[in-house]
Amino acid sequence: MSSGKKQHFMPAALIGQFSFESPYSSKHLRDRLVYVRFRQSPDIKELSASAILKEKNFYTIQDETTGLQHDSVDNIWDEVEPFLPKMIKRLSDLYAKDVMPSDLFIYFAEFCTQLIVRNPSFNESYDSRINSFFEYDSLEENGLISVKDNTNASRIMEMQRLRPLLLYSDVSILRASKHTYFINNDVGYVIGPDQVLQRATITFPLTPDLAIQFHVNRTADKYNIDLLKSPKKFDHHRLYAESVNQFNKSVYSLSNILIYGNRKSILTSDFPVEKNQESPYGFWYIFDQENLLKLGRQHELDFLSLGQDTPIFHDISEL
């Protein structure tokens, strides 16, 4: 994507994974057709991945006093998105194993962190998030920023805070059983509590039959690069029809604009009468808020001190 053009807040390469067209098609992922249903209409449309969930200059940084160039956010997305198809294939091939290479885990921690801050809901809750969650003044006190940034510049800052929460998470790969299919929405993930272990979970659909789930831990003191050099252990679960249906209901309830998938039949359920008002932001703080806030702030301070405001998966995978 380029500044000055329409920019996708859900990557077209991800939307295209949910195409109903043959996976062996010569079409580029962004040109493949998906079934789309908007919240305000019962009709199901066939649209290309590149035609939806975009807005002109959506990520362009307007305020030069932030010290960031207009296309800084775009450049960060562009360092990560091109790897997605290859990384999804690698992840899919690992199903039923119990460890994944560190660079693969780090990639998805990076990609999924970016998804959290990409969509328009970020803009809507920007002021309240800065004031209540992140103690923005603590960054100024450390001499790391001189002005309050605009909303798009803050996407970079929040991404830095959220990275350790996913990097320190336990992770699972979810498979939909035969003849069942995951759908996706404009937010790109589903949230929910893990009541057994008293922690938050966040699940990202990647294809109609594959999702990655992070279980947010609360005990890590701070980001430690050494812990990320070893293969990452993970669980794998096959979800049968009832569980997939429940998952898709959550996708419906957290959508703001639309849902999409590879089968018309799975997009015909009724949307909630009123959209679920639970904000997808801040969910990771439902357990042990103080410790998670401390972890996020410490991680950001470390990275800003080092001048690291770009994706991490390249650097760490090369260690």
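In the predicted model, strands β9 and β10 form a hairpin in which 2 residues lie between the two strands. The hairpin strands, β9 and β10, run antiparallel and are joined by 6 bridges, and one of the pairings places T201 as the bridge partner of H215 in β10. On the β6 side, β10 pairs with β6, again in the antiparallel sense and over 6 bridges, with V171 standing opposite F214 of β10.

The burial of β10 was examined residue by residue. Both faces of the strand are covered, since L210, I212 and F214 on one side and A211, Q213 and H215 on the other are all buried. With 6 of its 6 residues buried, β10 is therefore largely enclosed by the rest of the structure.

These strands belong to an open sheet of 5 strands, arranged in the order β8-β9-β10-β6-β12 and mixed in its pairing. The edges are formed by β8 (190–194) and β12 (235–239), each of which pairs on one side only, and the twist from one strand to the next averages 25°. At the β8 edge, pairing with β9 (residues 199–207) is antiparallel and extends over 5 bridges, and V190 stands opposite T203 in β9. Two helices that pack on this sheet were characterised by their contacts and directions. Helix α3 (residues 84–93) touches β6 (170–176), β9 and β10 (210–215), and its direction makes about 80° with that of β10. Helix α9 (residues 241–254) touches β6, β8, β9 and β12, and its direction makes about 120° with that of β8.

In soluble globular proteins, nonpolar side chains tend to be buried together. The largest nonpolar core of the model comprises 63 residues, among which L91, M100, F108, F204, I212, F214 and Y260 touch the most other members. Helix α4 (residues 102–118) gives the most to this core, contributing 11 residues. Beyond its neighbours up to four places away in sequence, F108 touches L84, M87, I88, L91, T113, L206, I212 and F214; two of these contacts, I212 and F214, are among the residues on one covered side of β10. A second core, separate from the largest one, consists of 16 residues and includes Y35, I183, L267 and F271.

A charged residue is also found among the buried positions. R32, located in the loop between α1 (12–15) and β2 (33–38), is buried yet has no salt bridge, and the nearest side chain of opposite charge, that of E21, is 5.9 Å away. When residues up to four places away in sequence are not counted, the contacts of R32 are G16, S19, E21, S22, P23, S25, K27, L47, S48 and A49.

For the protein as a whole, the secondary structure comes to 11 helices and 13 strands, and 55% of the 319 residues count as buried. Among contacts with a separation of 6 or more, residues 24 or more positions apart account for 75%.

Key
Residues numbered from 1 in each chain as written. Predicted model: local features only at pLDDT ≥ 70, side-chain atom pairs only at ≥ 80, totals over all residues. Heavy atoms only, no water. Pairing = 2+ DSSP bridges. Helix = DSSP H or I, 4+ residues; strand = E, 2+ residues; numbered from the N terminus. Axes fitted to C-alpha atoms, helices over the stretch in contact; angles between N-to-C directions. Contact = heavy atoms within 4.5 Å. Buried < 20%, exposed > 50% of the residue type's maximum accessible area, 1.4 Å probe, protein only. Lys, Arg positive; Asp, Glu negative; His and termini not counted. Salt bridge = Lys/Arg side-chain N within 4 Å of Asp/Glu carboxyl O. Core = buried A, V, L, I, M, F, W, Y, C linked by side-chain atoms within 4.5 Å.
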